[in-house]
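User: I have a model open and would like to go through how some of its helices pack. Can we start there?

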Amino acid sequence: MSVSESDRLRKEGNKFYLKGTEDGLSPFLAKDRLVQALKYYFQARSSAKTSDELSSSLKNIGKTNYQIAKVKSKELTQSSRISPKESQQLEDEITFYVKESLKALFASLSAVKCRPQAWYKKMHSDIEQVYFDTLSFVRFDNFDRRVAAMFTLADCIVWVEWRAHLFFQIATVLYKRSVQTLEAEDFQNSLRSLHEMNYPLEEAEKVTTSDEMRDAIGTLKTDAIYQLASAESMQVCSIAVKQLDELLNDLEYLNMNMVFDTLDLFKDGALKAREINLEQEAIACAYQGYIFEKILKLKQKAKTFYMQVMELTEAAKPKLFTNQKWYQDCVASLKVMQDEARERDDEEQEKLKEKLRKQMEKELNAIKAAGTTGGATELLKHIYSKHPPKSQPPKLDIKDLKGWDSKENKAKKRILIKALNDYHPDKNSKEEHGVEWHFLTQEISKNINWFHDRIKSCD
């Protein structure tokens, strides 16, 4: 039986194909032999008289282009001394050959009229291997070129679910890029990647019939919405920071409209990041606090924002912000405000105590006189009779004072400690018993402590 011209040419091409896929060949020699094989396969395609001959030649063209792409990919990843221009050229060649490989393999399937089931199964397996390998081939270091190559591959995919898968992979790559650039505080490229996600996601959703793929697309869309909010928050805050710098450089002629405009920008930044990006929300709140404190001189309002920053950074743990200037400034300002508030409270407390001393002068003098003239026993008898403890029954039974002078110091200290338990200010709060009684227990406790310390010093 005579061999057709197309079959003869294919067999000649097969010889070069086998030589080009031998182990240990240099990239140059391997490509040269595979290109020779391609020439024969192209001639075989032109000479094809039947659908089987056309399909076979196209299959061989596809597999050979795949092998050349594989050689070029290996050359790209293993060559450490190539220039950027050479690297770009190799990437272009890889993209070209993987595109031609997929086009030819799908064309081979379309061209055939009738083949055994095993042939179809083998073709599906070959195309699947080529598809996933080519995805790894185009993982170029240059992000834009990597995405462009993936879009090129998408144009070659005939099977709809695989096409949806590839578009979804492109969107996923863009999303990861968005996350990485935002972590580097590059919100512009983060936003760019998020906007570029829309097309591949919509294409994937348009062609897929898989519920699993639709769920994955929905999840990625939701993640993208959160990421977009974070990136837009960073963008708004960046604009606001520039405006704030302008304001601080010209405080003498302060533009109040610009102050409130800047404040609104930080507020918008906080709202966009709320419950999505705790760090970004904390930054926006810190700047709002700064404006209220340093420019508008409304410290109480500033403190509200600074406290919110503390809550947000606490919720963001284990991530720490101690090396961030906005956090350091916030902590420093909050400490100053808390110290000032403490000083004000101390002053107010001292004024109140002075007022109460004058108001209760008679009672205080009587307490002091009882201790001065009659010692610890008369002091205790006086306070328990004139100012009995609020908590009943009291810890100290006044009968325990009998025989005081003959008691050992240890027993005397126990009695005084019981009295302190009855009159300790912490157990007689002003919220429960009033300011006057709380103050009186403070003064009584001082007198009891004086005797306790005196006895203690004699041990």
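The chat below covers confidence and two helix pairs.

Analyst: Yes, and keep in mind that this is a predicted model.

User: What does the pLDDT average for the protein?

Analyst: The average is 91, and 99% of the residues score at least 70.

User: Which helix has the lowest confidence, and which the highest?

Analyst: Helix α16 (residues 430-433) is lowest, with a mean of 87, while helix α8 (residues 187-207) is highest at 95.

User: Now α1 and α2. At what angle do the axes cross?

Analyst: Roughly 170°, with the axes of α1 (residues 5-20) and α2 (residues 27-47) coming within 8 Å. An angle over 145 degrees counts as roughly antiparallel, so α1 and α2 are roughly antiparallel to each other.

User: Is that crossing left-handed or right-handed?

Analyst: The crossing of α1 and α2 is left-handed.

User: Which residues meet there?

Analyst: From α1 they include Leu 9, Phe 16 and Tyr 17, and from α2 they include Leu 34, Tyr 40 and Tyr 41. The residues of this contact between α1 and α2 comprise 9 nonpolar, 7 polar and 5 charged.

User: Different pair: how do α13 and α14 cross?

Analyst: Helix α13 (residues 325-359) and helix α14 (residues 361-386) cross at roughly 80°, and their axes come within 5 Å. Angles of 65 to 115 degrees count as roughly perpendicular, so that is the description for α13 and α14.

User: What touches what there?

Analyst: Arg 357, Lys 358 and Gln 359 of α13 meet Glu 361, Glu 363 and Leu 364 of α14. By type, the residues in the contact of α13 with α14 are 4 charged, 1 polar and 1 nonpolar.

Notes:
Residues numbered from 1 in each chain as written. Predicted model: local features only at pLDDT ≥ 70, side-chain atom pairs only at ≥ 80, totals over all residues. Heavy atoms only, no water. Axes fitted to C-alpha atoms, helices over the stretch in contact; angles between N-to-C directions. Helix = DSSP H or I, 4+ residues; strand = E, 2+ residues; numbered from the N terminus. Parallel < 35°, antiparallel > 145°, perpendicular 65-115°, else oblique. Left-handed = near helix turned anticlockwise from the far one by under 90°. Contact = heavy atoms within 4.5 Å. Nonpolar A, V, L, I, M, F, W, Y, C, P; charged D, E, K, R; others polar. pLDDT = per-residue confidence, 0-100.
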